[in-house]
Amino acid sequence: MKPKLKQVSFSKCWYCESKEIRADKAVDHFRPKSAVFESPSHKGYWWLAFDWRNFRYSCQYCNEYRIDAVSGATGGKATRFPLFDERGRQTVPGSLSSERPLLLDPVVRNDVKLLTFYADGMARPRESNKRLRNYRRAKISIELYNLNQSDLQDLRRALFHQVTERVQDGDVYYSEHSGGSTSAKTGFTRVVKELHEMIDQKSSYSMAARAALKSYKKRPWIRDILASK
Ligand SMILES: [Zn+2]
């Protein structure tokens, strides 16, 4: 099961998008299998222990309780599985439709869109209204998946910087190319290819790279890159 999970997640942790640097890849149970922090009497979702639909390919930073060596902040999912309303919590095998999980599920396309990233390297909720459900979901997920661990912030900050450099190079090539230079055309093609690779799902932190590129979307050539798949 693990090699298959690795393949469908492009060898990236499903939560933080890291490839090798957070190492020790493991399979996380989205619903914890042996205990639930929010519900002390709960025995865990033991019946989902071997259900592939409950598996997420995850690094240990996202999956286990950790303390950030730099900031001292705590995070990591461990047995956390908060719901909007505890009364809907399922304690025995059966339909899970009564549960409304607070944690974002990285395999749900719309959930992933509730996060965004900034040039300071931080992950933040896309929704700014703190009273709204989407804000709360993103906020607690950032905390429990350790998404603002200091190493991750550094990597994202560097990535924003790399995107900016490519965009600046691209601007120069673009205007020279418009003036008829063939070497500028080659340079421009290279920059576009590199930016495509950075926002490709297969690349580490592609969501952060996409957020960085979006800040330049006034340029038509950037809009073309963002629009392509
Ligand atoms: Zn991770």
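## Two domains and a shared core

Biologist: Which domains does the assignment give for this protein?
Modeller: Keep in mind that we're looking at a predicted model. The domain assignment splits the protein into two stretches, and the bounds are residues 2-148 and residues 152-227. Those are called domain 1 (2-148) and domain 2 (152-227).

Biologist: How many residues of domain 1 are in contact with domain 2?
Modeller: Let's start with the centres: the C-alpha centres of domain 1 and domain 2 lie 30 Å apart. The two domains still touch, with 14 residues of domain 2 taking part. On the domain 1 side, the touching residues divide into seven nonpolar, four polar and four charged. The number in contact from domain 1 is 15.

Biologist: What pattern does the protein follow along the sequence?
Modeller: Start with the parts: there are eight helices and six strands. Now write α for a helix and β for a strand, and read along the sequence. You get α-β-β-α-β-β-α-β-β-α-α-α-α-α.

Biologist: What share of the residues is buried?
Modeller: The protein has 229 residues, and its C-alpha trace spans about 70 × 40 × 35 Å along the principal axes. A residue is called buried here if 20 or more other C-beta atoms lie within 10 Å of its own. Buried residues make up 30%.

Biologist: Which residues have the most contacts inside the largest nonpolar core?
Modeller: That core has 37 residues, and it draws at least three from each of domain 1 and domain 2. Several elements each supply at least two of its residues, including strand S5 (115-117), helix H4 (133-144) and helix H5 (150-178). In general, nonpolar side chains tend to be buried together in soluble globular proteins. The residues you're after are Cys 16, Leu 159, Ala 208, Ala 209, Ala 212 and Leu 213.

Biologist: Why is helix H6 called oblique to helix H7, rather than parallel or perpendicular?
Modeller: The axes of H6 (residues 182-199) and H7 (residues 206-214) come within 7 Å and cross at roughly 130 degrees. Roughly perpendicular covers 65 to 115 degrees, and roughly antiparallel means over 145. The crossing angle fits neither, so H6 counts as oblique to H7.

Biologist: Which residues in H7 meet H6?
Modeller: From the H6 side come Leu 195, Met 198 and Ile 199. The residues of this contact divide into five nonpolar, one polar and one charged. Ala 209 is one of the H7 partners, and, leaving aside neighbours within four places in sequence, Ala 209 is in contact with Leu 159, Val 163, Met 198, Ile 199 and Ser 203. The full H7 set is Ser 206, Ala 209, Arg 210 and Leu 213.

Technical notes:
Residues numbered from 1 in each chain as written. Predicted model: local features only at pLDDT ≥ 70, side-chain atom pairs only at ≥ 80, totals over all residues. Axes fitted to C-alpha atoms, helices over the stretch in contact; angles between N-to-C directions. Helix = DSSP H or I, 4+ residues; strand = E, 2+ residues; numbered from the N terminus. Parallel < 35°, antiparallel > 145°, perpendicular 65-115°, else oblique. Contact = placed C-beta atoms within 7 Å. Nonpolar A, V, L, I, M, F, W, Y, C, P; charged D, E, K, R; others polar. Buried ≥ 20, exposed ≤ 12 C-beta atoms within 10 Å, placed from the backbone. Domains from an automatic or database assignment. Core = buried A, V, L, I, M, F, W, Y, C linked by C-beta atoms within 7 Å.
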